[in-house]
Amino acid sequence: MTKECDHHEDEHRPAPPPHIRRNPRLHHPHTLHNFPNLDHPPTHKPRFILQGRHVFSFNLSSTGDTPSPNHLPPPNTLTLSMQVTLSALNPNSRIGIYYQKLDAYASYRGQQISLATELPPTYQGHRDVSVWSPLLFGNGRASVAVRAGYSEAGPDFRGSSGQR
């Protein structure tokens, strides 16, 4: 049973704007999530920078044997000990970042050569900088691929830092 209201019979509702008539989803009150919320600015990823490094030791061990079909030489091993200084910048003006689990490790030509060192959990306020100085060790147990060993031109010690 429906109750009729005679009070609003004479009122004429204006037609919705053309952009809403074309897309009826925009007219529904529950679709406000389609529009950007200006109260929350877009978030940006933190920027990690390798500020410094101090290499205590960096040794490559190789037998120098040439591989043959019947004999595989022992793998090349790399031993290292170094300390790095890393910083992270939070570029967000209203949002802080909590680093719950963060690891640092050394890699040589794309291959991990040190054990991962866990950095302490840290809260980083908005537009704040955090600095860590972990010690990194590679005890020679990890083998290094032949392509990562010395070439005729010598080792390649170029480094890079950045965000992945």
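Let's start with burial. The protein chain has 164 residues, and buried residues make up 22% of them. Keep in mind that this is a predicted model.

Now the surface. The accessible surface of the protein chain is about 13,200 Å². Carbon and sulfur atoms account for 53% of that surface.

Next, the layout. The protein chain holds one helix and ten strands. Read from the N terminus, the helix comes at the start, and the strands follow.

What about contacts along the chain? Take the contacts with a separation of 6 or more. Of these, 70% are between residues 24 or more positions apart.

Let's look at some rings. How many aromatic pairs does the structure hold? It holds two. One of them joins Phe48 and Tyr99, with ring centres 6.1 Å apart. Their planes sit at 65°. Planes over 60 degrees apart count as edge-to-face, so this pair is edge-to-face. Where do the two partners sit? Phe48 is in strand 1, residues 47-61. Tyr99 is in strand 3, residues 97-99. That is 51 residues apart, so the pair links distant parts of the chain.

Are these two buried or exposed? Phe48 is partly exposed, at 27% relative accessibility. Tyr99 is buried, because its relative accessible area is 8%, and the cut-off for buried is under 20%.

Stay with Tyr99. Tyr99 also forms an aromatic pair with Trp132. The distance is 5.8 Å centre to centre, and the angle between the planes is 90°. This pair is edge-to-face too. Trp132 lies in strand 9, residues 129-132, and Tyr99 in strand 3, so the pair ties together parts that are 33 residues apart in sequence. Trp132 is buried, and so is Tyr99. Put the rings together: Phe48, Tyr99 and Trp132 form one aromatic cluster.

One last residue, Ser114. Where is Ser114? Find the loop between strand 6 (111-112) and strand 7 (117-119), and Ser114 is there. Why does Ser114 count as buried? Because its relative accessible area is 5%, and buried means under 20%.

What does the Ser114 side chain reach? The backbone nitrogen of Ala106, at 2.8 Å. Which residues does Ser114 touch, leaving out those up to four places away in sequence? They are Leu80, Tyr105, Ala106, Leu136, Phe137 and Gly138.

To recap: Phe48, Tyr99 and Trp132 make one aromatic cluster, and Ser114 is a buried residue in a loop. Thanks, everyone.

Definitions and conventions: Residues numbered from 1 in each chain as written. Predicted model: local features only at pLDDT ≥ 70, side-chain atom pairs only at ≥ 80, totals over all residues. Heavy atoms only, no water. Helix = DSSP H or I, 4+ residues; strand = E, 2+ residues; numbered from the N terminus. Buried < 20%, exposed > 50% of the residue type's maximum accessible area, 1.4 Å probe, protein only. Contact = heavy atoms within 4.5 Å. Areas by Shrake-Rupley, 256 points an atom, 1.4 Å probe, with all protein chains shown as cover. Polar contact = N/O pair within 3.5 Å; in protein donor to acceptor, adjacent residues only side chain to side chain. Phe/Tyr/Trp six-rings, centres within 6.5 Å; stacked < 30°, edge-to-face > 60°.
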